[in-house]
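Work through the following exercises with the coordinates open, and try each task before reading its solution.

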Amino acid sequence: MSKSMNASNSMNLPKSMKAAVIKNWGSSSEFEIADLSVPAIGPTDVLVKVAYSGLNPADWKIRAGHLKAHMAEKSFPLAIGLDAAGTVVEVGESVTGISIGDRVASGSNLFEQGKHGSYAQYLSVAQSHVTKLPESVDFKTAASLPIAALTAWQALFSQDKGQLTSAEGKKVLINGASGGVGSFAVQLAKWQGAEVATTCSGRNIDYVTQLGSDLAIDYQTQNISRSILEWAPEGLDLIIDVVSGNSIDDPISLLKPGGKLVSIATITEDGDINASIQDAQERGREKIFAYLNDESFSQDLERVLELVEQQVIVPPQIQSIPMSDVAAAHERLESGSARGKLVLEVEGS
């Protein structure tokens, strides 16, 4: 795409956009709908007109300020948000393979200096975080995928995490299976041939069973450890813990020798990380704290989208919420009561 074509296209863009912003770190009461300038793009960036923005548990922790130490210094008002789906309206001069008019799913570059997130009508994001959509995948579905699906994908399959390949006969527990990450993890583990146990509340037992769970444990009424030991008396090969926060008593004891516990970092309830890693090692198991690796973002997302297109993965139940109701959506995220995935409807806001 030539510079002149980019410049010509940018002339047709509005100067301002609507965004759901926070006025400071804090509670959901910090949200308001405000006008921001449409962001500029760099040579390797694309500008996406956002149709939907995905909502993730990390969002409320960002809003509350729990992750500010990991972020470049931010000024307010600030639009947060880590997932988006929409249409490319401008591309940087060094961008290849993505063109104006392409339908895409993307992450955001919120943690970088001067960058807003996806709770806005336009998102400037690095090409490395953008993947073109198959025709069969709509924007609402696409917005539900990036962070949740890639967290599950990497936790299961990355060489520095679960390494779950050739999984026939292997037994896996997904602790917290009814949310966004967990529901993807169940399906991906089954796709690789593993036998899968899950934990969830009683109202979600049928849901996780439909996703492919071989053993669904109601954590409210059943003893998780006892149920697992009856199902896998020799121990589990892998635990993907989406809940953390000591939700299972001594999960290392449920693993066979050499087994792995991949704990999705919660930021707020992870306890003494180094001590728990050392304890697992001394017992002949491995505990890994999982953070999303940005280096393979677009490639991993492309693979997930292929599986969605092939209907190997059925996206979780999705509820669309108007951007004006973002505060209420965050209250649901923070309570942990959201089932499946929530997305913000941004286009037209």
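**Exercise 1. A salt bridge between two helices**

Find the acidic partner of Arg-63 in a salt bridge, and classify both residues by their relative accessible area.

Solution. In this predicted model, the side chain of Arg-63 meets that of Glu-334, with an N to O distance of 2.9 Å, and the cut-off to be satisfied is a side-chain nitrogen within 4 Å of a carboxyl oxygen. The next step is to place the two residues: Arg-63 belongs to helix H2 (residues 57-64) and Glu-334 to helix H10 (residues 326-335), so that the pair links distant parts of the chain, 271 residues apart. For the accessibility step, Arg-63 has a relative accessibility of 1% and therefore counts as buried, because buried means under 20%. Glu-334, in contrast, has a relative accessible area of 40% and is partly exposed. As background, side chains of opposite charge can pair when their charged atoms come close.

**Exercise 2. Salt bridges that involve loops**

Determine how many salt bridges a search of the whole structure finds, and describe the pairs formed by Lys-190 and by Arg-283.

Solution. The search of the whole structure yields nine salt bridges. One of the pairs joins Lys-190 to Asp-214, whose closest N and O atoms are 3.0 Å apart. Lys-190 lies in helix H5 (residues 180-191), while Asp-214 lies in the loop between helix H6 (205-211) and strand E11 (215-218), and the two are 24 residues apart. Lys-190 is partly exposed, with a relative accessible area of 29%, and Asp-214 is likewise partly exposed, with a value of 42%.

The pair of Arg-283 and Asp-250 also has an N to O distance of 3.0 Å. Here Arg-283 is found in the loop between helix H8 (273-282) and strand E14 (286-290), whereas Asp-250 is found in the loop between strand E12 (236-241) and strand E13 (255-264), 33 residues apart. Arg-283 is partly exposed at 29%, and Asp-250 is partly exposed at 38%. The last step is to look beyond the pair, where Asp-250, Asp-279 and Arg-283 prove to be linked in a network of salt bridges.

**Exercise 3. Backbone geometry in loops**

Which peptide bond leading to Pro-77 is cis, and what are the phi values of Gln-163 and Asp-250?

Solution. Begin with the general expectation that most residues other than glycine have a negative phi, and that most peptide bonds are trans. The bond from Phe-76 to Pro-77 is cis, with omega near 5 degrees, and Pro-77 is placed in the loop between H2 and strand E4 (78-79).

Gln-163 is not a glycine, yet its phi is positive, at about 50 degrees. This residue is in the loop between H4 and strand E9 (171-175), and at 30% relative accessibility Gln-163 counts as partly exposed. Asp-250, which was met above as a salt-bridge partner of Arg-283, also has a positive phi, near 50 degrees.

**Exercise 4. Aromatic rings and nearby charges**

State which residues the ring pairs link into a cluster with Phe-157, and how far the charged groups of Arg-103 and Lys-171 lie from the centres of the rings they cover.

Solution. The whole structure contains five aromatic pairs according to the search, and ring pairs link Trp-153, Phe-157 and Trp-191 into a cluster. For the charges, Arg-103 lies over the face of Phe-139 at 5.0 Å from the ring centre, and the charged end of Lys-171 sits over the ring of Trp-231, 4.5 Å from its centre.

**Exercise 5. Packing of two helices**

Describe how helix H4 (residues 146-157) packs with H5, giving the angle, the axis distance and the handedness of the crossing.

Solution. The two helices pack at an angle of about 45 degrees, with their axes 8 Å apart. H4 and H5 are therefore oblique to each other, because the angle is neither under 35 degrees, which would count as roughly parallel, nor within the range of 65 to 115 that counts as roughly perpendicular. The handedness completes the description, as H4 passes H5 in a right-handed crossing.

How values were computed
Residues numbered from 1 in each chain as written. Predicted model: local features only at pLDDT ≥ 70, side-chain atom pairs only at ≥ 80, totals over all residues. Heavy atoms only, no water. Phe/Tyr/Trp six-rings, centres within 6.5 Å; stacked < 30°, edge-to-face > 60°. Lys NZ or Arg CZ within 6 Å of the ring centre and 35° of its normal. Helix = DSSP H or I, 4+ residues; strand = E, 2+ residues; numbered from the N terminus. Buried < 20%, exposed > 50% of the residue type's maximum accessible area, 1.4 Å probe, protein only. Axes fitted to C-alpha atoms, helices over the stretch in contact; angles between N-to-C directions. Parallel < 35°, antiparallel > 145°, perpendicular 65-115°, else oblique. Left-handed = near helix turned anticlockwise from the far one by under 90°.
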